[in-house]
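Work through the exercises below with the sequence and coordinates open. Each task is followed by a solution in steps.

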Amino acid sequence: MRSRSNSGVRLDGYARLVQRTILCHQNPVTGLLPASVDQKDAWVRDNVYSILAIWGLGLAYRKNADRDEDKAKAYELEQSVVKLMRGLLQCMLRQVEKVEKFKQSQSTKDALHAKYNTTTCGTVVGDNEWGHLQVDATSLYLLFLAQMTASGLRIIFTLDEVSFIQNLVFYIEAAYKVADYGMWERGDKMNQGIAELNASSVGMAKAALEAIDELDLFGACGGPRSVIHVLPDE
């Protein structure tokens with residue numbers, strides 16, 4: 001029997017760690033992660049950042065596979081990533097009408113919500129009860145959707161979902177002139193809840209647009225209809 005390499009042993013240790021600290025909290029139905037044991041809501045930004053550890057570990061297993069069990073572990077980790085990203089997609093798809101309205105109004109009341117119910121993917125607070133307009137959170141989702149897809153993960157399944165992702169590109173493309181509540185959800189620096197331009201949102205939107213431009217969301221199985229386009233600002 002072939003002995004385990006040092007890198008394989010270390011990866012197994014990391015796998016046990018992420019299982020204890022992250023994956024044990026993943027909802028088995030929606031794939032979402034609650035903010036904490038006491039706070040059950042799922043923030044878009046927090047979920048994306050949290051699942052990056054799982055994605056990175058899956059890539060490491062894929063690259064350093066000593067045995068078939070390592071390939072199986074890589075697949076298992078990657079499917080946990082797909083499940084969470086699709087859970088967030090389902091949350092946003094339920095607010096598709098907001099995306100359409102926001103493209104015209106760019107109003108804070110028409111923004112996608114920043115957090116959702118972990119077990120149902122539904123909203124948890126009203127449109128005016130939270131600083132929902134956080135362009136950086138939506139951009140972060142698109143950025144890593146693009147990178148994960150480019151790495152070989154299949155997150156988007158249908159052309160309807162492709163169309164929605166294209167709409168999210170239109171949603172964030174005017175970030176340089178859209179005042180939002182920023183990554184701290186508080187708006188202006190005086191914490192008065194007034195939306196303002198945030199460099200973090202503009203930078204994240206730029207990174208997302210560059211990453212997803214001309215990307216085929218179906219990967220090697222796609223065609224012209226599954227390619228995302230980023231248009232120059234008018």
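A crossing of two helices is called left-handed if the near helix is turned anticlockwise from the far one by less than a right angle, and right-handed if clockwise. The model used here is predicted.

**Exercise 1. Helix packing**

Task: describe how helix H6 and helix H7 cross, and list the residues that make the contact.

Solution.
Step 1. Locate the helices: H6 covers residues 159-172 and H7 covers residues 199-212.
Step 2. Take the axes of H6 and H7, which come within 10 Å and cross at roughly 145 degrees.
Step 3. Assign the hand: the crossing of H6 and H7 is left-handed.
Step 4. List the contact residues. H6 contributes Ile-165, Val-169 and Ile-172, while H7 contributes Ala-205, Ala-208, Leu-209 and Ile-212.
Step 5. Sort them by class: the contact of H6 with H7 has seven nonpolar residues, no polar and no charged.

**Exercise 2. The enclosed space**

Task: find the cavities of 30 Å³ or more and characterise the lining of the largest cavity.

Solution.
Step 1. Count: the structure holds one cavity of 30 Å³ or more.
Step 2. Give the volume of the largest cavity, about 60 Å³.
Step 3. Name the lining: Val-44, Leu-112, His-113, Ala-114, His-132, Gln-134, Ala-137, Thr-138 and Tyr-171.
Step 4. Classify the lining of the largest cavity: five residues are nonpolar, four are polar and none is charged.

**Exercise 3. Two pockets**

Task: describe the largest pocket and the second largest pocket by volume and lining.

Solution.
Step 1. The largest pocket holds about 260 Å³ of space.
Step 2. Twelve residues line the largest pocket, and Gln-106, Phe-170, Glu-173, Ala-174 and Asp-233 lie nearest its centre.
Step 3. Helix H4 (96-105) and H6 each supply at least two residues of this lining. By class, the lining of the largest pocket has six nonpolar, one polar and five charged residues.
Step 4. The second largest pocket holds about 160 Å³ of space. Its lining includes Thr-21, His-25, Pro-34, Trp-43 and Asp-46.
Step 5. Helix H2 (residues 44-63) gives the most to the lining of the second largest pocket, with three residues. That lining divides into six nonpolar, five polar and one charged.

**Exercise 4. Aromatic pairs**

Task: state how many aromatic pairs the whole structure has, and give the geometry of the pair of Trp-55 and Phe-144.

Solution.
Step 1. The search of the whole structure finds three aromatic pairs.
Step 2. For Trp-55 and Phe-144, the ring centres are 6.4 Å apart, with 75 degrees between the planes.
Step 3. Planes over 60 degrees apart count as edge-to-face, so the pair of Trp-55 and Phe-144 is edge-to-face.
Step 4. Place the pair in the chain: Trp-55 is in helix H2 and Phe-144 in helix H5 (residues 135-150), 89 residues apart.

Notes. Residues numbered from 1 in each chain as written. Predicted model: local features only at pLDDT ≥ 70, side-chain atom pairs only at ≥ 80, totals over all residues. Heavy atoms only, no water. 1 Å grid on protein atoms, 1.4 Å probe; cavity = no way out; pocket = protein on both sides within 12 Å on 5 of 7 lines; lining within 4 Å. Points joined across faces, edges and corners; volume = space filled by probe spheres on them. Nonpolar A, V, L, I, M, F, W, Y, C, P; charged D, E, K, R; others polar. Axes fitted to C-alpha atoms, helices over the stretch in contact; angles between N-to-C directions. Helix = DSSP H or I, 4+ residues; strand = E, 2+ residues; numbered from the N terminus. Contact = heavy atoms within 4.5 Å. Phe/Tyr/Trp six-rings, centres within 6.5 Å; stacked < 30°, edge-to-face > 60°.
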